[in-house]
Amino acid sequence: MPGFVLLVRPRDDGDPAMRLGITVTKKIGNAVVRNRMKRRFRALGRALLPAHGIPGADHVLIGRNGGIERDYALLQEELGKALRKLSR
């Protein structure tokens with residue numbers, strides 16, 4: 001997706017909990033920009049992972065350059081689309 005990369009890896013440990021990891025590198029911007037992007041990703045994870053996430057898997061969001069300028073609703077739609085595509 002243009003604003004982020006989503007990686008999902010099953011843990012295979014029998015625990016159905018879904019975990020979320022977030023990575024935003026210094027290439028994206030200064031600390032204020034990176035922290036804002038991480039806050040947006042956390043909010044997206046809280047909103048979408050319970051309904052669309054893969055149980056027993058680690059979900060990692062990696063921020064991209066265009067992610068901070070993108071509209072939140074658009075990011076939410078893109079993450080939902082990515083999670084639905086991975087759940088197939």
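**Close-up views of a predicted model**

**View 1. Asp12 in its loop.** Asp12 is found in the loop between E1 and E2. Like everything shown here, this residue comes from a predicted model. Its phi is near 55°, which is a positive value in a residue other than glycine. Is Asp12 buried or exposed? Asp12 is exposed, and its relative accessible area comes to 72%.

**View 2. Helix H1 from end to end.** H1 runs over residues 31-52, 22 residues in total. From first C-alpha to last, the helix reaches 30 Å, close to the 32 Å expected at 1.5 Å a residue. Look for the kink of about 30° at Arg46, shortly before the proline Pro50.

**View 3. The buried residues of H1 and their cover.** Arg34, Met37, Arg40, Phe41, Leu44, Gly45, Leu48 and Leu49 are the buried ones in H1. As for the spacing, an α-helix has 3.6 residues a turn, so residues three or four places apart point the same way. What covers the buried residues of H1? The cover includes three strands, E1 (4-10), E2 (19-23) and E3 (57-63), along with helix H2 (72-87).

**View 4. Arg40, a buried charge.** Arg40 sits in helix H1. This arginine is buried yet makes no salt bridge. How far away is the nearest side chain of opposite charge? That side chain belongs to Asp71, and the distance is 5.5 Å; the salt bridge cut-off is 4 Å. Setting aside residues up to four places away in sequence, Arg40 touches Gly67, Ile68, Arg70, Asp71, Tyr72 and Leu75.

**View 5. The largest nonpolar core.** Fifteen residues would crowd a label set, so here are the ones with the most contacts inside this 15-residue core: Phe4, Leu6, Met37, Phe41, Leu61, Leu79 and Leu83. E1, H1 and H2 are the elements that give two or more residues to the core. H1 supplies the largest share, five residues. Zoom in on Leu6 and you find it touching His59, Val60, Leu61, Leu79, Ala82, Leu83 and Leu86, not counting residues up to four places away in sequence.

**View 6. Val60 on strand E3.** Val60 has its place in strand E3. With 26% relative accessibility, Val60 counts as partly exposed. Which residues does Val60 contact, leaving aside its neighbours within four places in sequence? They are Val5, Leu6, Leu7, Gly21 and Thr23. Take the pairing with Gly21: the two residues are 39 residues apart along the chain, but their C-alpha atoms are separated by 4.5 Å.

How values were computed
Residues numbered from 1 in each chain as written. Predicted model: local features only at pLDDT ≥ 70, side-chain atom pairs only at ≥ 80, totals over all residues. Heavy atoms only, no water. Helix = DSSP H or I, 4+ residues; strand = E, 2+ residues; numbered from the N terminus. Expected span 1.5 Å × (residues − 1). Bend = angle between axes of the 7 residues up to and from the residue. Buried < 20%, exposed > 50% of the residue type's maximum accessible area, 1.4 Å probe, protein only. Contact = heavy atoms within 4.5 Å. Core = buried A, V, L, I, M, F, W, Y, C linked by side-chain atoms within 4.5 Å. Lys, Arg positive; Asp, Glu negative; His and termini not counted.
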